[in-house]
Amino acid sequence: MEFHKIAVLNGHFQPLREVRVDPTGAAVHSGWGVYTTVRIYRGHPFNVAAHARRLETDARRMGIPLPGEFAGLDEDLGDLARRNGVGDGIGRVYVLGGPMGRFSASGPSTADILILTRDLLEKRHRLRVALGVDQQERE
């Protein structure tokens, strides 16, 4: 899966290779976070509001406080698609839990919001397989 060269981390556009998240964070150590995949049609992300509501709900259930940059998700994803020249593709939005999520001794911290884009994968030829069952009489 090849992502485009520009990403957004917490509202800041930067080269993908320069994106850095806290290596001691729960997102890295235990996968603490949520994500969604947004379809992009002709350069425009589709139904971002519904994806954002689901991310908010899931993050709340996991005890991951969202940063203020989350409010700009729709605009950030649209701008990222334009900067990366996405026609038909996808946007991947990750909400990465902070230092220890709800289990932190110092209380929950703010999450990181990472947004990536990529082109659609080529459709592969489908192989249809049919299974049949032969019923044989038992003797």
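Of the 139 residues in the chain, 37% are buried. The model described here is a predicted one. Its secondary structure amounts to 3 helices and 6 strands, arranged along the sequence in the pattern β-β-α-β-β-α-α-β-β. Among the contacts that link residues at least 6 apart in sequence, 71% bring together residues at least 24 apart. The surface exposed by the chain comes to about 9,800 Å², with carbon and sulfur atoms supplying 50% of that area.

Strand β3 is a good place to begin a closer look. This strand spans residues 33-41 and presents two faces: V34, T36, V38 and I40 lie on the covered one, while G33, Y35, T37, R39 and Y41 lie on the uncovered one. Such a division fits a general pattern, in that side chains in a regular strand alternate between the two faces of the sheet. With strand β5 (residues 89-96), β3 forms an antiparallel pairing over 8 bridges, and within it T37 has R92 of β5 as its bridge partner. Strand β4 (residues 44-45) also pairs with β3 in the antiparallel sense, here over 2 bridges, with I40 opposite P45. The hairpin of β3 and β4 has 2 residues between the strands, and R42 adopts a positive phi near 50° there.

From P45, the view can be carried on to helix α3. This helix covers residues 73-83 and includes D74. Although D74 and P45 are 29 residues apart along the chain, their C-alpha atoms are separated by 7.9 Å. D74 counts as partly exposed, its relative accessibility being 49%.

Aromatic side chains add further detail to the picture, as the structure holds 2 aromatic pairs. In the pair of Y35 and Y94, the ring centres are 6.1 Å apart and the planes stand at 40°, so this pair is tilted. Because Y35 belongs to strand β3 and Y94 to strand β5, the pair ties together parts 59 residues apart in sequence. Y35 itself is partly exposed, at a relative accessible area of 46%. The pair of Y41 and F46 is edge-to-face, with 5.8 Å from centre to centre and 85° between the planes. Both of its members are partly exposed: Y41 has a relative accessibility of 41%, and F46 has a relative accessible area of 49%.

Charged side chains also meet aromatic rings in this model. R39 lies over the face of Y41, 4.0 Å from the ring centre. Elsewhere, R83 places its charged end over the ring of F13, at 3.7 Å from the centre of that ring.

How values were computed: Residues are numbered from 1 along each chain as its sequence is written. This is a predicted model: local features need pLDDT of at least 70, side-chain atom pairs count only at pLDDT 80 or more; totals for chains, interfaces and linings use all residues. Side-chain values use heavy atoms; hydrogens and water are left out. Helices (H or I, at least four residues) and strands (E, at least two) are DSSP runs, numbered from the N terminus. Buried means under 20% relative accessible area, exposed over 50%, partly exposed in between (1.4 Å probe, protein chains only). Contact means heavy atoms within 4.5 Å. Accessible areas come from the Shrake-Rupley method with a 1.4 Å probe; for residues, only the protein chains shown count as cover. Two strands pair if DSSP finds at least two bridges between them. Rings of Phe, Tyr and Trp (its six-membered ring) pair if their centres lie within 6.5 Å; planes under 30 degrees apart count as stacked, over 60 as edge-to-face and the rest as tilted. A charge sits over a ring if NZ of Lys or CZ of Arg is within 6 Å of the ring centre and within 35 degrees of the ring normal.
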